[in-house]
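Thanks, everyone; I would like to take a few minutes to walk through one model. Please have a look at it before I go on.

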Amino acid sequence: MKILAFETSCDETSVAIVEDFNVIVNYTRQQLVHSEFGGVVPELAAREHIRYIYQLTKLALKEVSLSEIEGIAFTYGPGLASSLLIGITFGKTISQLINKPFIGINHLEGHIFSIFINNKVDFPFLCLIVSGGHTELVLVEDFLKYKVIGYTLDDAIGEAFDKGAKMLNLGYPGGPTIDKLSKSGNKDFIKFPKPKIKSGKFNFSFSGIKTSLRLYLKDKSEEFIKEHISDICASYQEALIDTVLDTTLKAIKEYNISRICVVAGVSLNSRLREKFKEQIDEVYFPLPEYCMDNAAMIGVAGAYRLKKGYRSNLDISAEPNLEL
Ligand code: KG4
Ligand code: ZN
């Protein structure tokens with residue numbers, strides 16, 4: 001079943017064509033306009049989506065003709081309302097044009113499905129979703145059967161990476177830069193506090209680590225920071241990664257499930273991959289191109305759901321706070 005899919009929940013415009021769990025094309029355009037603001041500007045994001053979605057769709061349809069498309073999938077939440085609406089409206093319109101069914105996909109479900117593009121994973125497994133907007137630990141009992149067992153009480157881990165990078169004047173998004181600089185740094189240079197979680201056994205918190213970095217930098221000179229930038233990055237990164245790793249290890253014990261998938265933008269982090277592989281026997285990651293937001297993951301989730309008979313109605317709209 002060939003599916004045309006759209007992802008416009010934040011600052012990546014992405015269009016893909018998939019056939020079941022195989023990706024035929026996946027074109028993603030990361031919007032660069034936000035870098036000077038140190039974060040995503042919703043109004044600009046929506047305008048960029050409008051500009052790119054048509055171009056990317058035209059490009060994708062060079063590989064597969066529209067007459068071969070059997071269904072449409074798009075993200076309908078969570079995310080920025082004005083951005084989501086672009087993909088939703090575009091997707092619904094094409095579906096009406098070609099008279100094929102369409103399905104709205106939860107962005108987080110998309111990230112979970114990204115793992116199936118290159119892996120055959122048995123159920124049950126624990127899925128750690130680590131992105132710029134989310135940090136969630138999910139028990140996946142079967143396809144479409146999820147139980148959220150932990151979530152962040154404040155920032156998402158990607159947000160903590162990005163805000164830390166902003167304090168260090170490393171640009172946006174700062175996660176990849178911190179990853180790169182950390183490679184030559186001393187991870188024991190600064191000792192960050194372990195987060196104290198006030199509620200929920202498997203919940204996360206990153207704001208304490210972020211505040212510690214702010215306090216640490218307060219009385220440091222520009223020269224000192226410049227000289228030790230790799231050490232500061234490596235220590236900060238280690239504290240963020242240990243937070244998700246410790247909680248995942250706790251969940252592995254409690255649920256007696258040692259099969260782990262780590263998905264979404266921060267799963268690209270090289271130190272995270274290294275530590276998880278060291279400490280967990282069976283751990284899976286998506287291919288690098290399907291970690292950051294992309295339409296391929298929405299397409300494979302859509303293909304699965306459409307095949308099972310799921311359909312959305314024409315009145316489906318953006319749900320910015322949609323949960324799994
Ligand atoms: O999944 P994603 O594209 O967007 C959301 O759904 O939020 O994730 C984006 C996040 C950003 O915060 C970015 O800094 C982070 O992923 N990221 C990384 C790395 N590559 C991307 N964080 C740490 N290390 C990386 N290599
Ligand atoms: Zn995402």
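Let me begin with a definition: buried means under 20% relative accessible area, exposed means over 50%, and partly exposed lies in between, with a 1.4 Å probe and protein chains only. This is a predicted model, in which local features need pLDDT of at least 70 and side-chain atom pairs count only at pLDDT 80 or more, while totals for chains, interfaces and linings use all residues. Residues are numbered from 1 along each chain as its sequence is written, chains are lettered from A and ligands numbered from 1 in the order in which they are written, and side-chain values use heavy atoms, with hydrogens and water left out.

Now to the metal site. The zinc ion (ligand 2) has as its protein donors (N, O and S atoms within 2.8 Å of the metal, or 3.2 Å for Na, K and Ca) His 107 through NE2, His 111 through NE2 and Asp 293 through OD, lying 2.1 Å from it. Along the chain these donors follow the spacing H-x3-H-x181-D. His 111 sits in helix 3 and Asp 293 in the loop between strand 10 and helix 10, so that by DSSP runs (helices H or I of at least four residues, strands E of at least two, numbered from the N terminus) the pair links parts of the chain 182 residues apart. Both His 111 and Asp 293 are buried.Elsewhere, Gly 309, in the segment after helix 10, is partly exposed at 48%, and its C-alpha lies 39 Å from that of Asp 246.
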